[in-house]
Amino acid sequence: MRPAKATAAAVPAVTAARGTVAVAGGRFASAAALRAPAGRPLPSEPRLTVHATGDGRISLTRALASLRPGTYGLGGNGTHAVVGPVLDSLPHEADTVVRRLEAVTRGTLEPGAKVWLTPQVHIGDPSTALGIGHTDVSVPGELGTLPAWFVPNMRDTWVITVHGLGTTREHPMVVMDFLRRLGLPVLDPAYRGDPGAPRSADGLGHLGETEWRDLDAAIRHAVRHGARNVILHGWSTGATMCLHAAAHSALRDHVRGLVLDSPVLNWETTLRALAMARRTPGPLLPLAVRAAQGRTGLRGDRTRAAADPALLRVPALVVHGPDDAVAPWGLSRRLAEQRPDLVSLHTVSGAPHGAMWNADPAGYEEALRRFLTPLM
């Protein structure tokens, strides 16, 4: 009887231990989205190895990522470079891909270095990276002062750009010169959790559900300083922030249009995708969602309400593609189908999350030009 009693007594302890491990696993999995550090690769982005460089070219590990079309930043530990298209005609080993090496903007690229592709092409600020005159401004935010770059121009409709997961306010510089040529002023703010900006009380990202209030502060700053109207241009969770601001800002009547690049329209799906990229076992994925809700108070209905097609009040350009493994393209397509009167969908193939411009800069800018021209 004693062994049986001992076994019976051990069952609750084992069950409790397993429960504790599962909860811890859920918290770890949820951190893939809630603690996505700015300027670091998302879990969905594979590491590549540098095999060789020289004569304006770079040889990388052959993978789906290194074969992507277009222009990308190449991030690494202490390094940054810009790579252009794949150079298929050049000789290379069977397990490598040769791309054009446009520039090495930080550090050095040595054979054996581990790197990753990033949509963040430029580093620095608009003056140093693009040769565009700008002003460093301070935006009073809910949690404290938010640093921002302002590129002045002739029009009184401003574009406010909002970066997303895994990037910084350097990312929107990919479209800044294009917007400058259209005569549009650009305000590019940091928001809570970014370098130089205040952190949220829990130190976590909220996938746009609270960060949008910093975008609201940027809208107030723009209107206070001469903007008659604003166009909100966001990537990833930055696009989610744009939807929240257009729906809830006290100054939403000044919002003339939205540009939504790779929008996160369902945060639970995105959190699951990032957790899966960390090789989280399937049974832990629901725990990851519950852990995120418990740690941050996230509620899916807020994002769904902000993206409700019936409530959309201004024209929106959605730029997205079927190869996004983080934010489902199908949700963007459905939004466009339900509001064809206001929503235009520009589809980009072969582009990872947040990198629609990178995969096809010319097509992206033409779609943007057509959308913005009537709104200026």
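A cavity here is a set of grid points where a 1.4 Å probe fits but cannot get out, and its lining residues have an atom within 4 Å of a point. With that in hand, let's walk through this predicted model, starting with its empty spaces.

**The enclosed space**

The structure holds 1 cavity of 30 Å³ or more. Its volume comes to about 40 Å³. Around it sit L146, V162, P189, A190, Y191, D214, L215, A218 and M241. By type, that lining splits into 8 nonpolar residues, no polar ones and 1 charged. Helix α4 (residues 212–224) is the top contributor here, giving 3 residues to the lining.

**The open space**

Now for the largest pocket, which has a volume of about 610 Å³. A total of 38 residues line this pocket, and P41, W116, L117, T118 and P119 are the ones nearest its centre. The lining has 14 nonpolar, 18 polar and 6 charged residues. Strands take part too: β3 (72–76), β4 (79–86) and β6 (114–118) each bring at least two residues to the pocket lining.

Here are the two spaces side by side.

| Space | Volume | Nonpolar lining residues | Polar lining residues | Charged lining residues |
|---|---|---|---|---|
| Largest pocket | about 610 Å³ | 14 | 18 | 6 |
| Largest cavity | about 40 Å³ | 8 | no polar | 1 |

**Helices α4 and α3**

Back to α4, since it feeds the cavity lining. This helix has 13 residues and spans 18 Å from its first C-alpha to its last, close to the 18 Å expected at 1.5 Å a residue. Plenty of α4 is tucked away: W212, D214, L215, D216, A217, A218, I219, H221 and A222 are buried. Just past the end of α4, G226 takes a positive phi of about 115°.

Helix α3 (residues 173–181) can be read in a similar way, with M173, V174, V175, M176, F178 and L179 buried. After α3 comes G183, and its phi is positive as well, near 85°.

**Around strand β1**

Strand β1 (residues 48–54) has partners in β2 and β6. With β2 (residues 57–61), β1 pairs in the antiparallel sense over 4 bridges, and V50 stands opposite L60 of β2. The β1–β2 hairpin has 2 residues between its strands, and D55 has a positive phi near 55° there. With β6, β1 again pairs in the antiparallel sense, this time over 2 bridges. In that pairing T49 faces K114 of β6. Recall that β6 also supplies at least two residues to the lining of the largest pocket.

**Two single residues**

Which residue of helix α6 (residues 267–277) is worth a stop? T270 has its place there. Why does T270 count as buried? Its relative accessible area is 0%, and buried means under 20%. The side chain of T270 has a polar atom 3.0 Å from the backbone oxygen of V326.

S44 sits in the loop between α1 (2–34) and β1. Is S44 buried or partly exposed? With a relative accessible area of 31%, S44 is partly exposed, because that class lies between the 20% limit for buried and the 50% limit for exposed. How far apart are S44 and R279? They are 235 residues apart in sequence, yet 10.0 Å apart in space, C-alpha to C-alpha.

Key: Residues are numbered from 1 along each chain as its sequence is written. This is a predicted model: local features need pLDDT of at least 70, side-chain atom pairs count only at pLDDT 80 or more; totals for chains, interfaces and linings use all residues. Side-chain values use heavy atoms; hydrogens and water are left out. On a 1 Å grid over the protein atoms alone, a cavity is a set of points where a 1.4 Å probe fits but cannot get out, and a pocket is an open set with protein on both sides within 12 Å along at least five of seven lines; lining residues have an atom within 4 Å of a point. Grid points are joined across faces, edges and corners, and a volume is the space filled by probe spheres set on the points. Ala, Val, Leu, Ile, Met, Phe, Trp, Tyr, Cys and Pro count as nonpolar, Asp, Glu, Lys and Arg as charged, and the others, Gly among them, as polar. Buried means under 20% relative accessible area, exposed over 50%, partly exposed in between (1.4 Å probe, protein chains only). Two strands pair if DSSP finds at least two bridges between them. The expected span of a helix is 1.5 Å times one less than its number of residues. A polar contact is a pair of N or O atoms within 3.5 Å; within protein, one must be able to donate a hydrogen and the other to accept it, and residues adjacent in sequence count only if both atoms are side-chain atoms.
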